[in-house]
Every structure is written in structure tokens, then in C-alpha cells.
Amino acid sequence: MKPNIGIADEHALEVAKLLNVLLADEFTLYAKTRNYHWNVTAPNFLELHKFFEGQYEALDEIMDSVAERIRYIGHYALGSVLSFAKATRLTEGQDESTATKMIASLLDDHETIIRQVRNEINLVGDTYKDLGTADFLTGVLKDHEKMAWMLRSYLA
Ligand SMILES: [Fe+2]
């Protein structure tokens, strides 16, 4: 049943498309962070292993709320690895030969998401009149800003 919540159909569709791209980004970054949790090697291995675990757990929660937000506005969330790989704005295959390079790669991805989401908050609120999603995206932005700060603090 279609939601009757005061968002024009064409606006809800555009918001859902944008949220599905964000969902694909969150999934990709989740997988990358989990990869580093498994495969990092460093003198402070255990600390990094746990640090990456905390980060992928946070991404898991964000990813879940993005997908459910798409359902709130009457659309379906992407749900396959192939669809995420096609939709994501992030790339894989960076130099992962040291822990520092892994951290720099994650930071770059978080900052990419932060820049994208910052623009989308205004688009969603002002153009599509979906204030609930604009507020939600502001929370996502802040979560990524915190995670980016933690990653950045490992780098000189
Ligand atoms: Fe684990």
C-alpha cells in the first residue's frame, strides 16, 4: 500500500534513488572495513582489528536505517551484492599494503560520502520537500564525520 504522507510521488522516487545509491556506498564501505578487520597486519594489530570492528558495526547500523528509510517512503531497497556494486560511487582495489594505507582508503571513502550527503540534504529538503529524510541524512552525515575524525587521527 502506497504511503499517503505528503511527499509527491515523483519526489519520493527521486529520494529513493538517491538513498539506494547511498545504501550501495554504505554496503561497499562496510565490506571494505570488514576486509581490513580481517586482513590488517601491524604491530598494533589487535587495536586496529577492534577499531575496524567498531567501525563496521556502526556502518551496519547506518546501512540498515538507510534501507528502512527507503521503505518508509514507499520504495524498495537494493538488496544484492551485484546491485550494490553497480550503484556505488566508491571504488575498491586501492593500495592496501599497509595499515596506514588501509586507513587512508577508508577515510577517503567516508569523506566522499560526507561531501555527497551534504549536498543531498539540501536537495531532499528544499527541492523534494522530504524533511524527514533531510533530517535523517543530517544524522548520517554526523555519524560519518565522527568516523572520519577517528580514521584521520591515525594519520600524521
Ligand atoms: Fe571478527
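**Entry 1: after α2**

I started just past helix α2, at G74, which follows α2 and has a positive phi near 90°. For the record, I take helices as DSSP runs (H or I, at least four residues), numbered from the N terminus. I'm working on a predicted model, so local features need pLDDT of at least 70 and side-chain atom pairs count only at pLDDT 80 or more, while totals for chains, interfaces and linings use all residues. Residue numbers run from 1 along each chain as its sequence is written.

**Entry 2: K129**

I found another positive phi at K129, about 55°, although K129 is not a glycine. I looked up where K129 sits: in the loop between α4 (99-127) and α5. Is K129 buried or exposed? Neither quite: K129 counts as partly exposed because it has 15 C-beta neighbours inside 10 Å. My cut-offs: 20 or more other C-beta atoms within 10 Å of a residue's own means buried, 12 or fewer means exposed, and in between is partly exposed, with C-beta atoms placed from the backbone.

**Entry 3: α2 itself**

I checked the length of α2 next. It has 28 residues, so at 1.5 Å a residue it should span 40 Å, and its end C-alpha atoms are 41 Å apart, which agrees. (The expected span is 1.5 Å times one less than the number of residues.)

Which residues of α2 are buried? I got F52, Q55, L59, I62, M63, V66, R69 and I70. These buried residues pack against α1 and α5 (131-152). For contacts I use C-beta atoms, placed from the backbone, that lie within 7 Å.

**Entry 4: α2 with its partners**

I took α1 first. Helix α1 (residues 9-39) and helix α2 (residues 45-72) pack at about 160°, with axes 9 Å apart. (Axes are lines fitted to C-alpha atoms, for helices over the stretch in contact, and angles run from 0 to 180 degrees between N-to-C directions.) So α1 and α2 are roughly antiparallel. (The bins: under 35 degrees is roughly parallel, over 145 roughly antiparallel, 65 to 115 roughly perpendicular, and the rest oblique.) The contact of α1 with α2 has 16 nonpolar, five polar and five charged residues. (Ala, Val, Leu, Ile, Met, Phe, Trp, Tyr, Cys and Pro count as nonpolar, Asp, Glu, Lys and Arg as charged, and the others, Gly among them, as polar.)

Then I took α5. The axes of α2 and α5 come within 11 Å and cross at roughly 170°. That makes α2 roughly antiparallel to α5. On the α2 side I noted Q55, A58, I62 and R69, and on the α5 side T133, F136, V140, D143 and M147. By class, I have five nonpolar, two polar and two charged residues in this contact.

**Entry 5: α1 with α4, and V117**

I read about 165° between α1 and α4, with their axes 11 Å apart. α1 and α4 are therefore roughly antiparallel as well. Among the contact residues are V15, L18 and L22 of α1 and I113, V117 and E120 of α4. The α1 with α4 contact divides into ten nonpolar, one polar and four charged residues.

I zoomed in on V117, which is found in α4. Why does V117 count as buried? Because 22 other C-beta atoms lie within 10 Å. Leaving aside neighbours within four places in sequence, V117 is in contact with L22, L137, V140 and L141. I also looked up V117 and L19: they are 98 residues apart in sequence but 9.7 Å apart in space, C-alpha to C-alpha.

Technical notes
Helix = DSSP H or I, 4+ residues; strand = E, 2+ residues; numbered from the N terminus. Contact = placed C-beta atoms within 7 Å.
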